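Open the model in your viewer and set it to a cartoon view. The stops below are given as selections, each followed by what is found there.

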Amino acid sequence: MRRRQFIAGLGSAAAWPVVAGAQQPAMPVIGFLSAQSADDSKNVAVPFLQGLKETGQNVAVEYRWAENQYDRLQALAADLVRRRVAVIVAANTPAALAAKAATTTIPIVFVTGGDPIELGLVASLNRPGANLTGIANLAGELAPKQLQLLNELIPSAAAFGVLADPAFPVTQSTIAELHPAARTLGLQLVVVNARTNSDLETAFATFSQQHVAATGRCGRSPAFGKIAGLI
């Protein structure tokens with residue numbers, strides 16, 4: 001199912017009126033939780049809003065942005081629960097984990113790049129169980145293929161680098177997938193953690209010393225936004 005259709009369906013479901021006698025039904029409220037900033041979450045937030053508009057239903061959206069500070073997510077999720085939103089949309093893996101920890105009753109729809117079973121979000125893909133469902137693009141499992149494509153683009157390269165956000169839940173499993181893939185291709189994989197701007201400077205110095213031909217990113221580190229200024 002295409003993402004837009006899925007999100008449109010969510011908007012329609014969230015907009016079902018609750019009739020209480022002769023009173024006007026209250027406007028449904030959707031909670032939108034993201035580990036990132038509003039600008040960084042446009043790839044999810046924009047189609048989400050478009051999908052809601054296409055339903056023709058009136059809903060309100062409460063946004064909560066953690067600004068890449070993952071330790072804020074639990075409080076933001078708890079705030080949405082107190083707000084008694086009809087459903088929580090978790091725009092990324094850290095947000096999904098925080099929402100899951102915050103409520104067992106409010107429906108949660110998530111987007112994750114990892115394995116939702118391994119992450120503990122759902123019991124199985126066929127029967128998620130509990131109050132969670134969502135979309136898994138399995139970006140971590142695609143990382144070895146991306147490494148292979150890089151190798152084909154730069155066949156003379158002997159080493160590739162990875163900028164890793166150690167606080168991002170999917171990082172560890174993605175790196176675990178990349179190491180055996182690199183060995184199979186006869187490549188050196190240089191992994192450097194980066195959470196701050198100074199970490200980035202150290203990382204690129206390391207990549208230069210190791211003669212890294214190209215680098216990829218793993219995670220949502222706030223420092224990654226500064227990369228363009230360092231290359």
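This is a predicted model. Begin with helix H5, residues 139-153, and helix H6, residues 171-184: the two pack at an angle of about 30°, and their axes are 8 Å apart. Since angles under 35 degrees count as roughly parallel, H5 is roughly parallel to H6. The crossing of these two helices is right-handed. Now show side chains at the contact. On H5, select Gly-140, Glu-141, Ala-143, Pro-144 and Leu-147; on H6, select Thr-174, Glu-177, Leu-178, Ala-181 and Ala-182. Coloured by class, this contact of H5 with H6 shows six nonpolar, two polar and two charged residues.

Keep H6 in view and add the strands it covers. H6 lies across S6, S7 and S8, and its direction runs at about 160° to S7. These strands make up an open sheet of three, ordered S7-S6-S8, with parallel pairing. Which strands are at the edges? Strand S7 (188-193) and strand S8 (215-218) are, each pairing on one side only. From one strand to the next, the twist averages 25°. Select strand S6, residues 159-164, together with S8 to see a parallel pairing over four bridges. Within it, Leu-163 stands opposite Arg-217 in S8.

Move next to the other sheet. Five strands form this open sheet, in the order S2-S1-S3-S4-S5, and the pairing is parallel. S2 and strand S5 (132-136) are the edge strands, and each of them pairs on one side only. Neighbouring strands here are turned by 20° against each other on average, direction ignored.

At the S5 edge, select strand S4, residues 108-112, along with S5; the two run parallel and are joined by five bridges. A residue pair to label is Val-111 and its bridge partner Ile-135 in S5.

Then turn on the helices that belong with this sheet. Helix H2 (residues 42-55) lies across S1, S2 and strand S3 (87-90), and runs at about 165° to S1. Helix H4, residues 93-102, also packs on the sheet, where it touches S1, S3, S4 and S5; its direction makes about 150° with that of S4.

Stay on H4 and add helix H3, residues 73-82. H3 and H4 pack at an angle of about 55°, with axes 8 Å apart. The two helices are therefore oblique to each other. H3 passes H4 in a right-handed crossing. What should be selected to display the contact? Take Leu-73, Gln-74, Ala-77, Ala-78 and Val-81 from H3, and Pro-94, Ala-95, Ala-98, Ala-99, Ala-101 and Ala-102 from H4. The residues of this contact of H3 with H4 divide into 10 nonpolar, one polar and no charged.

The last stop concerns aromatic rings. How many aromatic pairs does the structure hold? There are six aromatic pairs. One of them is formed by Phe-32 and Trp-65, a tilted pair at 5.6 Å centre to centre with 55° between the planes. Phe-32 lies in strand S1 (residues 29-34) and Trp-65 in strand S2 (residues 60-65), so the pair ties together parts that are 33 residues apart in sequence. To finish, select both residues with S1 and S2 and return to the five-strand sheet, ordered S2-S1-S3-S4-S5.

How values were computed
Residues numbered from 1 in each chain as written. Predicted model: local features only at pLDDT ≥ 70, side-chain atom pairs only at ≥ 80, totals over all residues. Heavy atoms only, no water. Axes fitted to C-alpha atoms, helices over the stretch in contact; angles between N-to-C directions. Parallel < 35°, antiparallel > 145°, perpendicular 65-115°, else oblique. Left-handed = near helix turned anticlockwise from the far one by under 90°. Contact = heavy atoms within 4.5 Å. Nonpolar A, V, L, I, M, F, W, Y, C, P; charged D, E, K, R; others polar. Pairing = 2+ DSSP bridges. Phe/Tyr/Trp six-rings, centres within 6.5 Å; stacked < 30°, edge-to-face > 60°.
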